[in-house]
Amino acid sequence: MNKLAVLVSRTGTNLRAMHAYGLEIALVVADRTCPGLTFAREQNIPCILLERTDFSSSFDRYAYTKNLTHLVRQHNITLIAMAGFATILDTPLFDAYPGKILNTHPSLLPAFKGASAVRDALAYGVKVTGCTIHIATLALDSGPILAQHPVLVHESDTEASLHQRIKEAEYRLYPAIIANMLCS
Ligand code: GRF
């Protein structure tokens with residue numbers, strides 16, 4: 001049985017969905033104070049704030065990733081699910097957990113990689129977008145795809161309304177994929 005850590009930065013609604021699904025979450029790590037971290041505290045899920053204080057171009061991504069890798073290893077974590085984690089990580093974590101880091105991305109990859117996937121899909125005028133659950137690798141949003149779910153774009157959609165429907169697809173798909181990986 002794998003031991004799961006979830007990485008969060010923002011609202012943490014995917015973390016909530018994992019918890020509601022009944023996944024055993026051994027550790028939550030946040031890179032900033034955020035509602036996801038508050039939720040973990042409220043639910044008595046072991047959680048750690050590994051605060052990122054530098055958002056400038058001189059941010060030491062390698063050192064931050066080394067600290068994170070050390071932390072999850074200390075907790076005997078064997079599977080990591082990124083759930084809206086907003087810091088791009090460096091080699092130490094990917095080397096330590098090859099094939100064991102999962103991510104959910106709010107587009108049908110390989111379309112619309114990056115941080116503004118929902119806005120970019122709307123701006124492009126696609127009629128169908130969705131979510132992708134994939135293995136995270138050093139190359140951003142480019143690892144092997146595990147599952148996808150389509151979401152229709154409505155004429156009246158704003159970035160927020162479309163993202164909300166994509167998230168609802170994520171809430172159904174991501175916990176099920178993690179559950180599968182937890183016992184593999
Ligand atoms: C999700 O839409 C996920 O695809 C993206 O960030 C969002 C996280 O939302 N990477 P939340 O923090 O789980 O609400």
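Both faces of strand E1 are covered in this structure, with Leu-4, Val-6 and Val-8 buried on one side and Ala-5 and Leu-7 buried on the other. Since 5 of the 5 residues of E1 are buried, the strand is largely enclosed by the rest of the structure. The model described here is a predicted one.

**The sheet around E1**

E1 belongs to an open sheet of 7 strands with mixed pairing, in which the order is E3-E2-E1-E4-E5-E6-E7. The edges of this sheet are taken by strand E3 (47-49) and strand E7 (145-152); each has a single partner strand, so one side of each is left without a neighbour in the sheet. On average, and with direction ignored, neighbouring strands of the sheet are turned by 15 degrees against each other.

On one flank, E1 pairs with E2 in the parallel sense over 5 bridges, and the connection between these strands runs through helix H1 (residues 13-21), so that E1, H1 and E2 make a right-handed β-α-β unit. On the other flank, strand E1 (residues 4-8) pairs with strand E4 (residues 79-82), also in the parallel sense, over 4 bridges.

E4 in turn runs parallel to E5, to which 3 bridges join it. Between E4 and E5 the chain passes through helix H4 (residues 91-96), and this β-α-β crossover is right-handed. Like E1, strand E4 is covered on both faces: Leu-79 and Ala-81 are buried on one side, while Ile-80 and Met-82 are buried on the other.

The residue partnerships that tie E1 and E4 to their neighbours include the following.

| Residue | Opposite residue |
|---|---|
| Leu-4 (E1) | Leu-79 (E4) |
| Ala-5 (E1) | Ile-80 (E4) |
| Val-6 (E1) | Ala-81 (E4) |
| Ala-5 (E1) | Leu-27 (E2) |
| Ile-80 (E4) | Ile-101 (E5) |

Read across the sheet, Ala-5 therefore has Leu-27 of E2 opposite it and Ile-80 of E4 as a bridge partner, and Ile-80 itself stands opposite Ile-101 of E5.

**Helices packed on the sheet**Helix H3 (residues 61-74) packs on the sheet, where it touches E1, strand E2 (25-30), E3 and E4, and its direction makes about 160 degrees with that of E2. Helix H6 (residues 159-182) packs on the sheet as well, touching E1, E4, strand E5 (101-105), strand E6 (128-135) and E7, with its direction at about 155 degrees to that of E7.

Within H3 lies Thr-65, which counts as buried because its relative accessibility is 0%. When residues up to four places away in sequence are not counted, Thr-65 touches Leu-89, Asp-90, Pro-92 and Leu-93.

For H6, the length can be compared with an expected value: at 1.5 Å a residue its 24 residues should span 34 Å, and the end C-alpha atoms are 33 Å apart, which agrees. H6 nevertheless has a kink of about 30 degrees, centred on Glu-170. Glu-170 is also one of the buried residues of this helix, among them Leu-162, Ile-166, Leu-173, Ile-177 and Met-181. An α-helix has 3.6 residues a turn, so residues three or four places apart point the same way. The buried set of H6 further includes Lys-167, Tyr-174 and Pro-175.

**Backbone features in the loops**

A few backbone details outside the strands and helices deserve attention when the model is inspected. Leu-109 and Pro-110 are joined by a cis peptide bond, for which omega is about 15 degrees, and Pro-110 has its place in the loop between E5 and helix H5 (117-124). The loop between E5 and H5 also holds Phe-112, whose phi is near 55 degrees, a positive value in a residue other than glycine.

Asn-44, which is not a glycine either, has a positive phi of about 60 degrees. Asn-44 lies in the loop between helix H2 (35-42) and E3, and with a relative accessibility of 69% Asn-44 counts as exposed, whereas Thr-65 in H3, at 0%, counts as buried.

Technical notes: Residues numbered from 1 in each chain as written. Predicted model: local features only at pLDDT ≥ 70, side-chain atom pairs only at ≥ 80, totals over all residues. Heavy atoms only, no water. Pairing = 2+ DSSP bridges. Helix = DSSP H or I, 4+ residues; strand = E, 2+ residues; numbered from the N terminus. Axes fitted to C-alpha atoms, helices over the stretch in contact; angles between N-to-C directions. Contact = heavy atoms within 4.5 Å. Buried < 20%, exposed > 50% of the residue type's maximum accessible area, 1.4 Å probe, protein only. Expected span 1.5 Å × (residues − 1). Bend = angle between axes of the 7 residues up to and from the residue. Right-handed = clockwise from strand over helix to strand, strands pointing away.
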